[in-house]
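Please open the structure below in your viewer and keep a selection tool at hand. The tour moves from one selection to the next and says what is there.

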Amino acid sequence: MLIRSKKSSEISESSTTPESIYLQRREILKGLGIAASGLILPGAAQAGILDYFSSKEEEVVADRRRKLSATLNPAYQPDWQLTPESKVLTHNNFYEFGTGKADPVKNARNFNTEPWHIVIDGEVDKPFKLSMEELFKLFPLEDRIYRLRCVEAWSMNIPWVGIRLADLIKRAQPNSNAKYVAFETLHDPKQMPGQSSRHIGGGIPYPYVEGLRIDEAMNDLTMLSVGLYGKTLAPQNGAPIRLVVPWKYGFKSIKSIVKIRLTSQQPPNTWNITNAREYGFYANVNPEVDHPRWSQGSERFIGEGGILSVSREKTKMFNGYADEVASLYSGMDLRKNI
Ligand code: MTE
C-alpha cells in the first residue's frame, strides 16, 4: 500500500480531474505490483491532447514522445490537482525557440534530439560521456510530482519522470575542489532560431547556462528529467534531458542539457548575466522577497479550465519544500542572496 506523509508542499485543491484519474490508475497499478507509470496513458488525458492539437502536424509532435517505464517514488506523490498535460505542453518558456509562451511548441516541433550525448567533467576523478540510451540503461527512472513555480508568478503541478542528479554526479566521483555544478544547453543556432536572432531569442546570451551549489545539486529533490506524464519530454519542455529544481524559480531548471561540469568557482547563470539586479544565482522561491517589478507573494496556478479559471494562490517559502531544503541556507541572508 502507498504510504503518504503529508508534506508542507502539499496543497489541498479538488482532485476530481482527468489528471487525478491518471494518478488513481497509477496507484491501482502500483497496488497490483506493476511499478510503472508509462504503461498507460489514460484515455481522458490523451483525448485532452488530441482535442488541443487540432492539426495533423501537431499530432505528430505529440506522437514523437515515447512511453517510459518508471517506478513511483511514494515520497513525492502528493494528492494535488495536476496541471493538464495539454497546458504543460503548450505554455512554455524556452527562449531558444521564441519568447512568447506559445512559440516553443510551434518552433521546436522539428528539433532533432537524436543522437544526444551528455558530458560530465571538471572537478571529478572519472569524467564521462553518455548517450541517452546508455543513461536509460544505467539509471532507473522514477515518477515524482513537483510544483514548478516560474519567477513570472505562475505555477504548475507536473508529474515528472527522471533520475536523481546526485546519482549521475556520484558516478563521476567529484574531487574535493568540486563546490558547484555548471550546466549548459545545446548551442545549435541552425536548430534553435533564438540563438541566432535577437528578435526571436530575446537577446539573452547563448548557450543558456545555469548553476547550483554542490549541496543543492546533491539534494534528493534535484532531478534530471527525461519525461513527463509518463512519456519522454516534448522538445518544448527541454527534450531529451533537463534539470528540475522544485524549490527554485523555474529559470534554474535548464533545458536540453549537453554539459554538466563540476567547478570550484560559482558558475554564471543566464538570467543573472542578463540582469543581475532582478535575477540572482540562488533564485529560491520566496514570498517575502519581491521581484523589483512585481510581487512574489502569490501566483497564478494553471490548472483545469480556461484562462479565466486560473486560481490565485499564496506562494510558499521554498515553493513548499522548506522541510527538505531550508537547512541548506541557514545563516544566509536570503534578501541579499536572491
Ligand atoms: N532553459 C533554456 N535552455 N532556455 C530557456 O529559455 N526557460 C526557463 C527554464 N529553462 C529556459 C530554460 C524558464 S524561465 C522556465 S519557467 C522553465 O524552463 C519553463 O519550463 P516549461 O516550459 O517546461 O514549463
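## First stop: K314

Select K314 and show what surrounds it: beyond its neighbours within four places in sequence, K314 is in contact with G297, S298 and E299. The model is a predicted one. K314 sits in strand β13, which covers residues 311-314. Is K314 buried or exposed? K314 has a relative accessible area of 74% and is therefore exposed, the cut-off being over 50%. Now add P287 to the selection. P287 is 27 residues away from K314 along the chain, and the C-alpha atoms of the two are separated by 8.1 Å.

## The whole protein

Zoom out and colour by secondary structure. The protein has 11 helices and 13 strands. Of its 338 residues, 55% count as buried. Switch to a surface view: the exposed area is about 14600 Å², and carbon and sulfur atoms supply 52% of that area. For a contact map, take the contacts between residues at least 6 apart in sequence; 74% of these join residues at least 24 apart.

## The nonpolar core

Nonpolar side chains tend to be buried together in soluble globular proteins. Select L135, L168 and I260 next. These are the residues with the most contacts inside the largest nonpolar core, which has 80 residues. Strand β5 supplies the largest share of this core, six residues.

Stay on L135 and expand the selection. Which residues is L135 in contact with, leaving aside its neighbours within four places in sequence? They are I118, L130, I163, L168, V226 and I241. L168 thus appears twice at this stop: as a contact of L135, and among the residues with the most contacts inside the core.

## The largest pocket

Rolling a probe the size of a water molecule over the atoms shows where empty space is left. Select N93, F94, Y208, G250 and F251 and centre the view on them. Of the 28 residues that line the largest pocket, these lie nearest its centre. The volume of this pocket is about 460 Å³.

Colour the lining by residue class: 17 of its residues are nonpolar, seven are polar and four are charged. Then highlight residues 154-164, strand β5, which gives the largest share of this lining with four residues. Strand β5 also gives the largest share of the core visited above.

## The second largest pocket

The second largest pocket holds about 330 Å³ of space. Select R66, T113, E114, T232 and P240, which are the closest to its centre among the 17 residues lining it. How does the lining of this pocket divide by class? Nine residues are nonpolar, three are polar and five are charged. Helix α6, residues 132-138, contributes the most to the lining, with three residues.

## Backbone checks

Most residues other than glycine have a negative phi, and most peptide bonds are trans. The next selections depart from that.

- Select A239 and P240. The peptide bond that joins them is cis, with omega about -5 degrees. P240 belongs to the loop between β9 (231-232) and β10 (242-244), and is one of the residues closest to the centre of the second largest pocket.
- Select Y206 and P207. The bond from Y206 to P207 is also a cis peptide bond, with omega near 0 degrees. P207 is in the loop between α8 (198-201) and β7 (209-213).
- Select Y229, in the loop between β8 (223-228) and β9. Its phi is positive, near 50 degrees. Y229 counts as buried because its relative accessibility is 1%, under the 20% cut-off.
- Select S256, in the loop between β10 and β11 (257-263). Its phi is near 45 degrees, again a positive value in a residue other than glycine. With a relative accessibility of 0%, S256 counts as buried.

## Last stop: Q191

Select Q191, in the loop between β6 (180-185) and α8. Where does Q191 make its contacts, leaving aside neighbours within four places in sequence? Q191 is in contact with F97, N110, F111 and N112. Measure from Q191 to N112 in the viewer: the pair is 79 residues apart in sequence, and the C-alpha to C-alpha separation is 7.8 Å. The relative accessible area of Q191 is 23%, so Q191 is partly exposed, a class that lies between 20% and 50%.

How values were computed
Residues are numbered from 1 along each chain as its sequence is written. This is a predicted model: local features need pLDDT of at least 70, side-chain atom pairs count only at pLDDT 80 or more; totals for chains, interfaces and linings use all residues. Side-chain values use heavy atoms; hydrogens and water are left out. On a 1 Å grid over the protein atoms alone, a cavity is a set of points where a 1.4 Å probe fits but cannot get out, and a pocket is an open set with protein on both sides within 12 Å along at least five of seven lines; lining residues have an atom within 4 Å of a point. Grid points are joined across faces, edges and corners, and a volume is the space filled by probe spheres set on the points. Helices (H or I, at least four residues) and strands (E, at least two) are DSSP runs, numbered from the N terminus. Ala, Val, Leu, Ile, Met, Phe, Trp, Tyr, Cys and Pro count as nonpolar, Asp, Glu, Lys and Arg as charged, and the others, Gly among them, as polar. A nonpolar core is a set of buried Ala, Val, Leu, Ile, Met, Phe, Trp, Tyr and Cys residues joined through side-chain atoms within 4.5 Å. Buried means under 20% relative accessible area, exposed over 50%, partly exposed in between (1.4 Å probe, protein chains only). Contact means heavy atoms within 4.5 Å. Accessible areas come from the Shrake-Rupley method with a 1.4 Å probe; for residues, only the protein chains shown count as cover.
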